[in-house]
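Visitor: I should like to learn how the terms used for a protein structure are justified. May we go through the model and test each term against its value?

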Amino acid sequence: MHPRRSPKWCLTLCLTLGVGLSLSAGAAQSGLAYLGEELKALQADPFANPGLLWVDRGAALWQASPAPEVPACASCHGAPESLREVIPTLPRWNAATQRLENLEGLIRQCQSERQHQPPAPFESEALLALTTRLAHGARGLPLSAAVAPEAAPALARGEAFFRERRGQLGLSCADCHERYKGARLRGDRISEGMINGFPIYRLTWQTLGSRHRMFRWCNEAVRAEPYPFGAGPYLELELFLRHRGAVIPLETPAVRR
Ligand code: HEC
Ligand code: HEC
């Protein structure tokens, strides 16, 4: 049961959000547009962007054999850029398994099925580094709107999740990322909730985080129970956000507050 939004809560939220509310109608924008000048500059700096450390780590892992006799990612795939065209289409529908798969899931699948190794745990440094290296190779390409016809129900569920009120605070993703975009919330300026910068280096976290870590954080912000990494509802949400954010170019590794 999600309680209705209480007047007391609304008061607190509306006051906090009231300051600096500047709704910018028009084309969808990357979270980059909602950053202050300093963070924009940090993201653009090819030496100072802290996320680039993970790009380097990911490049090293891509080249390395994880164990004797085990082929490296590079031995089968060549350069990380060979997967460039695939990245903006993820998550995508797998007709054979009848499931959605995202980049983290595909990497873990190759680790277990092609390298016969235990897959890197979610949010581990290795998985974040490989994800970052691959997504970085696709930067500049726009997120794709394409959704397989079989994935239409998953897309609809993802959108429903985005618009459903949840948690003790009874707020939907859309409440914050559409209705209150541009408003300030505890020092953050609320963006449109785009996923084109992930994994992002978030100063609040002092590290890199995946899309699903962000979904968990946003769920917890309204005191809703978060889902596990890689869970079906988060894959559907990710599909919807990719579709919704289509045309916005990838900018991994983004820097966020
Ligand atoms: C109480 C308001 C609130 C709600 C509700 C909320 N978020 Fe957020 N979200 C934030 C804030 C604050 C940030 C950090 C500032 C920013 O980047 O927008 C954020 C960031 C994000 C980002 C990162 C954007 C970027 O450019 O890096 C994504 C993606 C996101 N949210 C998705 C969601 C999803 C999906 C939901 C619903 C499950 C949700 N949010 C619900 C407040 C909220
Ligand atoms: C033994 C060979 C082999 C190794 C080693 C390997 N892969 Fe793969 N990988 C494949 C094959 C084959 C596919 C399926 C390609 C296809 O369907 O076109 C694949 C698919 C993928 C995909 C999805 C790409 C697509 O076009 O659908 C990703 C992402 C990926 N691998 C990442 C990795 C990463 C990261 C590593 C190292 C941790 C790795 N792979 C190691 C053979 C390998």
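Visitor: Where is Gln-98 placed?

Guide: In this predicted model, Gln-98 belongs to the loop between strand S1 (92-94) and strand S2 (99-101).

Visitor: What makes the phi of Gln-98 worth noting?

Guide: Its phi is near 60°, which is a positive value in a residue other than glycine. Glu-123 is a further case, with phi near 65° in a residue that is again not glycine. The loop between H5 and helix H6 (125-136) holds Glu-123.

Visitor: Why is Glu-123 called partly exposed?

Guide: The relative accessible area of Glu-123 is 21%. Buried means under 20% and exposed means over 50%, with partly exposed in between. The value of 21% falls in that middle range, so Glu-123 is partly exposed.

Visitor: Why is Tyr-201 called buried?

Guide: Tyr-201 has a relative accessible area of 9%. Buried requires a value under 20%, and therefore Tyr-201 is buried. This residue is in strand S5 (residues 200-202).

Visitor: Which residues does Tyr-201 touch, not counting those up to four places away in sequence?

Guide: Among them are Pro-50, Gly-51 and Trp-54, as well as Gln-206, Thr-207 and Leu-208. Ala-254, Val-255 and Arg-256 are also touched by Tyr-201. In addition, Tyr-201 and Leu-52 are 149 residues apart in sequence, yet 9.3 Å apart in space from C-alpha to C-alpha.

Visitor: What makes the approach of Tyr-201 to Gln-206 a polar contact?

Guide: The side chain of Tyr-201 reaches the backbone oxygen of Gln-206 at 3.3 Å. A polar contact is a pair of N or O atoms within 3.5 Å, one able to donate a hydrogen and the other to accept it. The distance of 3.3 Å is within 3.5 Å, so it meets the distance limit.

Visitor: How do you know whether Glu-251 is buried or exposed?

Guide: Glu-251 has 15% relative accessibility. That value is under 20%, so Glu-251 counts as buried. Its place is in the loop between helix H10 (232-244) and strand S7 (254-256).

Visitor: Which polar contacts does the side chain of Glu-251 make?

Guide: One is with the side chain of Ser-30, at 2.9 Å. Another is with the side chain of Gln-43, at 2.9 Å. Residues touched by Glu-251 also include Leu-32, Arg-139 and Arg-256.

Visitor: Where are cis peptide bonds found?

Guide: The bond from Phe-198 to Pro-199 is cis, with omega near -15°. Pro-199 lies in the loop between S4 and S5. Thr-252 and Pro-253 are also joined by a cis peptide bond, whose omega is about 0°. Pro-253 is in the loop between H10 and S7.

Visitor: Which pocket does ligand 1 take up, and which elements contribute to the shell around it?

Guide: Ligand 1 takes the space of the largest pocket. Helix H8 (173-179), strand S4 (188-189), helix H9 (211-221) and H10 each give two or more residues to its shell. The largest share, five residues, comes from H9. In all, 26 residues surround ligand 1, and the closest are Cys-173, Cys-176, His-177, Ser-191 and Cys-218.

Visitor: What makes Ser-191 a polar partner of ligand 1?

Guide: An N or O atom in the side chain of Ser-191 is 2.7 Å from an oxygen atom of ligand 1. The limit for a polar contact is 3.5 Å, and 2.7 Å is within it, so the pair qualifies. Arg-256 has a side-chain N or O atom 3.0 Å from an oxygen atom of ligand 1. A polar side-chain atom of His-177 lies 2.8 Å from a nitrogen atom of this ligand.

Visitor: Where does ligand 2 sit, and what surrounds it?

Guide: Ligand 2 sits in the second largest pocket. Helix H4 (73-77) and helix H5 (103-113) are the elements that give two or more residues to the shell. H5 provides the largest share, five residues. Of the 16 residues around ligand 2, Cys-73, Cys-76, His-77, Arg-92 and Cys-110 come nearest. By class, the shell has 11 nonpolar, three polar and two charged residues.

How values were computed
Residues are numbered from 1 along each chain as its sequence is written. Chains are lettered from A and ligands numbered from 1 in the order in which they are written. This is a predicted model: local features need pLDDT of at least 70, side-chain atom pairs count only at pLDDT 80 or more; totals for chains, interfaces and linings use all residues. Side-chain values use heavy atoms; hydrogens and water are left out. A residue is near a molecule or strand if one of its heavy atoms lies within 4 Å of it. On a 1 Å grid over the protein atoms alone, a cavity is a set of points where a 1.4 Å probe fits but cannot get out, and a pocket is an open set with protein on both sides within 12 Å along at least five of seven lines; lining residues have an atom within 4 Å of a point. A molecule sits in a cavity or pocket if more than half of its atoms lie within 2 Å of its grid points. Helices (H or I, at least four residues) and strands (E, at least two) are DSSP runs, numbered from the N terminus. Ala, Val, Leu, Ile, Met, Phe, Trp, Tyr, Cys and Pro count as nonpolar, Asp, Glu, Lys and Arg as charged, and the others, Gly among them, as polar. Buried means under 20% relative accessible area, exposed over 50%, partly exposed in between (1.4 Å probe, protein chains only). Contact means heavy atoms within 4.5 Å.
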